[in-house]
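Trainee: I've got a new structure open and don't know where to look. Could you take me through it with a few questions?

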Amino acid sequence: MNAGPGWRGPLLLATLLATGAPALAQDAASPGATTADPAPVAAAEDEVDTRDVTWTLDIAAPAELRALLSRYLDLSRYLATPDTARVPRGELMRLRQAAPAQARALLETVGHFNAKVSTQARDDGQVIALRLLVEPGPLTRVAQARLEFEGPLSVSAEAGDADAAQLVARARLRWSLPADEVYTQDRWGSAKSQVLALLRAEGYATSAWSGTVAQVRTADDRATLFLVADSGPLYRFGAVEVSGLDHVDADTVRALQTFTAGEPLREQALLDYQDRLVKSALFDSVAIEMEPDPAQAGAMPVVVRVRERSLQQATLGLGVSDNTGPRVTLEHLHQRFLGFAWQAKSKFQLGRTDQQAAIDLTSHPLPGPYRNLLSASVSRTEASGLDVTSQRARLGRSKDDQRLERLYYLEWQRSLTRSLATGLRVDDTSAVSGNYQWIWRQLDHPLLPTQGLSLSLDTALGRSFATVQRGGVFGRVNGRLTHYTTLSQNWYSTSRLQIGQIFSAADVAVPYSLLFRTGGDDAVRGYAYQSLGPLDATGAAVGGRVAVVGSVELARPFLRSMPALWGATFVDVGNAAASWNTLNAALGYGVGLRWRSPVGALRMDLAYGQQVRKVRLHFSVGITF
């Protein structure tokens, strides 16, 4: 594009000038006089005044422009302190002469192309006081932005390829410096980077600008932009090469692929692939590399470098919970159990009111990707006046996507319940059921969310076998919705709703572990763990067939200097019952502390249970979905 009358000419990314104007003749102004910008005078080197002088600089400009000039102007950088300095007089005059042009170039980078800049100097015989006068003028705005494409993307779009045409349209929409927007160097550079980032993310890995021009017309403070992007070839996935494997099979790594050979090599597919590998719990680190080579664009190799986790790991834990008291936990993980591509996780827990032994066998990822699972556990828990011994065995399969987790399995379980007060057997029921669990998340952070939704749904259909009541067919549904939102800069809200129901004849027995009880730190605070629900003659919560729990919480950081420490206030309401007609909601409310640690939120709550008229302390770590 050719510059016409009134045009300053093509401006590619504006630059910070480092001028080197010729030396000036000595300033002959008398003490106390004020002089305007000196004219350049040719001077022999021996005529340059090398005597040091003391000087100050005042920049008369709007605050945001004064900060720019103070940082980059050569005059400003010569100041040894914020207001005074000593410099040879001849050098000071050279810097003064260069300052207006340098300042105008700096102002052009932030959109002021009609700035007027001058200098004044006042010499009282002791200090030379320099003053830089800035009239920034109006901001320059975009008159027109034209974005064109060439290369394979343009050819495909013109030939009617829907994906190519859509990408061209998206790139033009992505352009962030349209007509009437203020033209600045930063915004010009950012707009170009965003378009290239989109093209490269969609498979055009070597796309580049073949030409960019920004012409500024100073007569009316308008800029016309013209850009041409060369897409380069469309890269497609080729072979996946894996390195760093020992006890994990290469087929396992490939099973987690989110793409197939020949598909466009999109950045998001690589990120999703890396995320799946990390979440597999098989690797300590994962790096995916792809060096664009136009000669291999049709089948670009992808290199996966991994560092496996230790073959065996053991963890000893000490903890305490307001629900179950102190506990000791021993966990062992074997990444390749008995030489097969299965993970084995064993857990032993010893607590005052809770003991558990469990083993979970999970296959390494299979194509889909799926993972098969086999587990067994036995546990004993004291809660709400009951001693419950549970046995459980599962066989199933899971599938996890970025936001969605699915688990379906067959389960056998047995619950033997005795009264702590009398020692008599209350119930002994077993059941076989088919189960489906579904969890969906859209959160801004997996451990410390402040914005988003999570939704979980558990369903079961099975048959019970009882020794006290009648066995029979039953169904079970339990759903939970949690909403996180930012109300203002420092106020955050968490809302939670949980609803569950057993579907069966009233006299059909259901295992104790499938019935509903509530109360505790993740249910209705202000009440003991699982203390809310239908009670037997001894006052023990035997479990209900319906349940509902709701909660609203407001929280905010205590201090700006301590953003991880929050205060909170909350209200919880809910209960479990034999039927909806007999449900009597229990209310709990209080205040709490939150520490947003790297491993999750540590919560400590002081809650008042209105039904029991008692204050109770609750604490927990993490979030529940």
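## Starting from one side chain

Trainee: The backbone nitrogen of His-247 lies 3.0 Å from a polar atom of which side chain?
Mentor: Bear in mind that this is a predicted model, where local features need pLDDT of at least 70, side-chain atom pairs count only at pLDDT 80 or more, and totals for chains, interfaces and linings use all residues. Residues are numbered from 1 along each chain as its sequence is written, and side-chain values use heavy atoms, leaving out hydrogens and water. The 3.0 Å from the His-247 nitrogen leads to the side chain of Glu-308.

Trainee: Which other backbone nitrogen lies 2.7 Å from a polar atom of that Glu-308 side chain?
Mentor: Glu-308 sits in strand 12, residues 300–308. Leaving aside neighbours within four places in sequence, Glu-308 is in contact (heavy atoms within 4.5 Å) with residues including Gly-244, Leu-245 and Val-248. The nitrogen at 2.7 Å belongs to Asp-246.

Trainee: Glu-308 has no salt bridge, so how far away is the nearest side chain of opposite charge?
Mentor: A salt bridge is a side-chain nitrogen of Lys or Arg within 4 Å of a carboxyl oxygen of Asp or Glu. Glu-308 is buried, and buried means under 20% relative accessible area, with exposed over 50% and partly exposed in between (1.4 Å probe, protein chains only). For opposite charge, Lys and Arg count as positive, Asp and Glu as negative, and His and the chain ends are left out. The nearest candidate is Arg-336, at 7.7 Å.

## Charged pairs

Trainee: How many residues apart are Arg-77 and Asp-74?
Mentor: Their side chains meet in a salt bridge, 2.8 Å from N to O. Asp-74 counts as buried, at 11% relative accessibility. Both belong to helix 2 (residues 74–77), so about one helical turn separates them: they are apart by three residues.

Trainee: Which strands hold Lys-345 and Glu-331?
Mentor: These two make a salt bridge at 3.9 Å, N to O. The pair ties together parts 14 residues apart in sequence, because Lys-345 and Glu-331 lie in strand 15 (342–351) and strand 14 (325–334).

Trainee: How many salt bridges does the structure hold?
Mentor: Another example is Arg-187 with Glu-181, at 2.9 Å. Arg-187 is partly exposed at 29%, and Glu-181 is partly exposed at 31%. Altogether, the structure's salt bridges number 29.

## The nonpolar side

Trainee: Which element gives the largest share of the largest nonpolar core?
Mentor: A nonpolar core is a set of buried Ala, Val, Leu, Ile, Met, Phe, Trp, Tyr and Cys residues joined through side-chain atoms within 4.5 Å. This one has 26 residues, and Trp-55, Leu-75, Leu-92, Leu-130 and Leu-132 touch the most other members. Elements (DSSP runs: helices H or I of at least four residues, strands E of at least two, numbered from the N terminus) that give two or more residues include strand 3, helix 1 and helix 3. The largest share, seven residues, comes from helix 3.

Trainee: How many residues are in the other core that lies apart from it?
Mentor: Trp-175, Leu-177, Trp-188 and Leu-227 are among its members. Its count of residues is 25.

## Confidence

Trainee: What is the mean pLDDT of the chain?
Mentor: pLDDT is the predictor's confidence in each residue, from 0 to 100. Here 90% of residues reach 70 or more, and the mean is 87.

Trainee: How many contacts beyond near neighbours in sequence does the stretch 1–35 have in the model?
Mentor: Go carefully there, with pLDDT below 50 over residues 1–35. The contact count for that stretch is 91.

Technical notes:
Polar contact = N/O pair within 3.5 Å; in protein donor to acceptor, adjacent residues only side chain to side chain.
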